[in-house]
Amino acid sequence: MAADPLDDYIDSAAKALGLTVEEAWRQSVRANLEVSLRLGRLVDEFTLPDETEPASVYSA
Amino acid sequence: MAMTASSDGMSASDIALAVAARRLSAAEVTEAALARIRKHDGLLNAFTDVTAERARAKAREVDAAIAAGKNVGPLAGVPFAVKNLFDVKGLSTRAGSKINRDLPPAARDATLIERMEASGAVLVGALNMGEYAYDFTGENVHDGPSRNPHDPTRMSGGSSGGSGSAVGGGLVPLALGSDTNGSIRVPSSFCGIFGLKPTYGRLSRARSYPFVASLDHLGPFARNVRDLALAYDAMQGGDADDAACTTRPVEPVTAQLVQGVGGLKVAIAGGYFQNNLFPEAQEAVARVAGALGATETVVIPEAARARAAAYIITTTEGASLHLDRLRKRPRDFDPAVRDRLIAGAMVPAVLVDRAQKFRRWYRAKVLELFKSVDVILAPATPCVAPKLGQATFVLDGVELPVRANIGIHTQPISFIGLPVVAVPVPLEPMPIGVQVIAAPWREDIALRVAHALEKMGVAAAPGPRGI
């Protein structure tokens, strides 16, 4: 049984994506995901107008 | 052997002049570079491939063309090397990985190698790097670390570690690397050399191994600004093989370096960029600012959030790039890179979209700053090169992870593709870099400022102190 809610998420996401997370890697994967989600919150909490265009590169 | 020693320590521009005037042959210069590599690379571990026969053939071609009265270009006979994510015809493009060694040999050189050689330069090899460029240390579990030429017990910086080590160690006067979040500027800082991360889209990335398509840049390293500009000019120009490459006309800068900095308004990045700094980084910025008479401070808004957004885009685009390899060969990755990428694959897509939207907002805010200033100065790294394998450092009494903090001052700048010259401040015992940041497409301004700093003696690439 997963020890942490994030472990449940890692298990589910790994299954959905077809990825293997061996037990020996789990702690490191979780630590990295925690960093990503913490930094992601910084982005998430910043309110932008609905009309804001993303900046990814594409020109027709 | 006197013949092969004559070009040791010469700048690229002096080599090119000497070769063009037939005071030196390209063959002699090439042999001297190969001899330096043989002598010092056992210690530095900068090179993963030495393309000696190719280099000798190219050198003979250059010498023959000069003997026939042809102008072979502004880099005649200049040895250079490239981070091993550039395609080199006949080599598998390993990009620092074990997995990519199974790729077939590249059928054609990267565009930037073709352009360097079209200007007379001579490729002598491919350089060590952090696995798949997801690295700030220059360490590599497959090839061993590239080492700092000023203290081989220290990091070269990543991910273009071999590029920093090779140029900082004087093995070659020019090298090419890539910079997604700081991978040109960090090794420049740690190894005490000049590095140019051009505007996003300025130089073609065609036939180089990608990392994060919306953040990847390529650029040169050198021991002086003139050489940096010569290489940059040689590589400019559009390229249909890179979807992000500009269609702007070529804008050569070498001839403009001597214009000086009169009339340019230079400011110091405040707030975020003055935090989390060791005294050496503060000293380096103060020296550069003092030399330029810069006293005004500007605050780049939301820089911490910009770094966060760059991190999110990097880890998710990187994960997408490597998803199949993560599925099929997870044990063949550097475990640290693998675990970062697996985590990146699990970041919700909504955060990535928000990061790309924030990027648009942030770009507009930073471009506002450039209406009133021409150049912004910021530290390139928070510290001098850490020891190889060092996991943490203590700053203001707080223990912080090294890897996660090396790029904190470079990421918010490359996030919106601003051109930057990393200039080395030759502090003792270890050098450290400062970012000279300009508005998009104004590499000329950043290079002029770097040149002026070099002329004032504030910025200089120290001779290798550790070999």
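**Chain B and its contact with chain A**

Chain B of this predicted model has 15 helices and 15 strands.

Biologist: Happy to look at this with you! What radius of gyration does chain B have, against that of a compact globule with 467 residues?

Modeller: The C-alpha atoms of chain B fill a box of roughly 60 × 55 × 45 Å along the principal axes. For 467 residues, a compact globule would come out near 23 Å, and chain B agrees with that. Its radius of gyration is 20 Å.

Biologist: Nice. How much of chain B is buried?

Modeller: Here a residue is buried if 20 or more other C-beta atoms lie within 10 Å of its own. Of the 467 residues in chain B, the buried share is 63%.

Biologist: Now to the partner chain. Which element gives the most to the side of chain B that touches chain A?

Modeller: The contact takes 31 residues from chain B and 26 residues from chain A. On the chain B side, the elements giving two or more residues are α10 (303–328), α11 (335–345) and α12 (349–369). With eleven residues, the one that gives the most is α12(B).

Biologist: And how do the residues on that side of chain B divide?

Modeller: Taking the side of chain B that touches chain A, ten residues are charged and four are polar. The nonpolar ones number 17.

Biologist: Lovely! How is α10(B) oriented relative to α11(B)?

Modeller: Their axes come within 8 Å and cross at roughly 105°. Angles of 65 to 115 degrees count as roughly perpendicular, so α10(B) is, relative to α11(B), roughly perpendicular.

Methods
Residues numbered from 1 in each chain as written. Chains lettered and ligands numbered in written order. Predicted model: local features only at pLDDT ≥ 70, side-chain atom pairs only at ≥ 80, totals over all residues. Contact = placed C-beta atoms within 7 Å. Helix = DSSP H or I, 4+ residues; strand = E, 2+ residues; numbered from the N terminus. Nonpolar A, V, L, I, M, F, W, Y, C, P; charged D, E, K, R; others polar. Axes fitted to C-alpha atoms, helices over the stretch in contact; angles between N-to-C directions. Parallel < 35°, antiparallel > 145°, perpendicular 65-115°, else oblique. Rg over C-alpha atoms; globule rule 2.2 N^0.38 Å. Buried ≥ 20, exposed ≤ 12 C-beta atoms within 10 Å, placed from the backbone.
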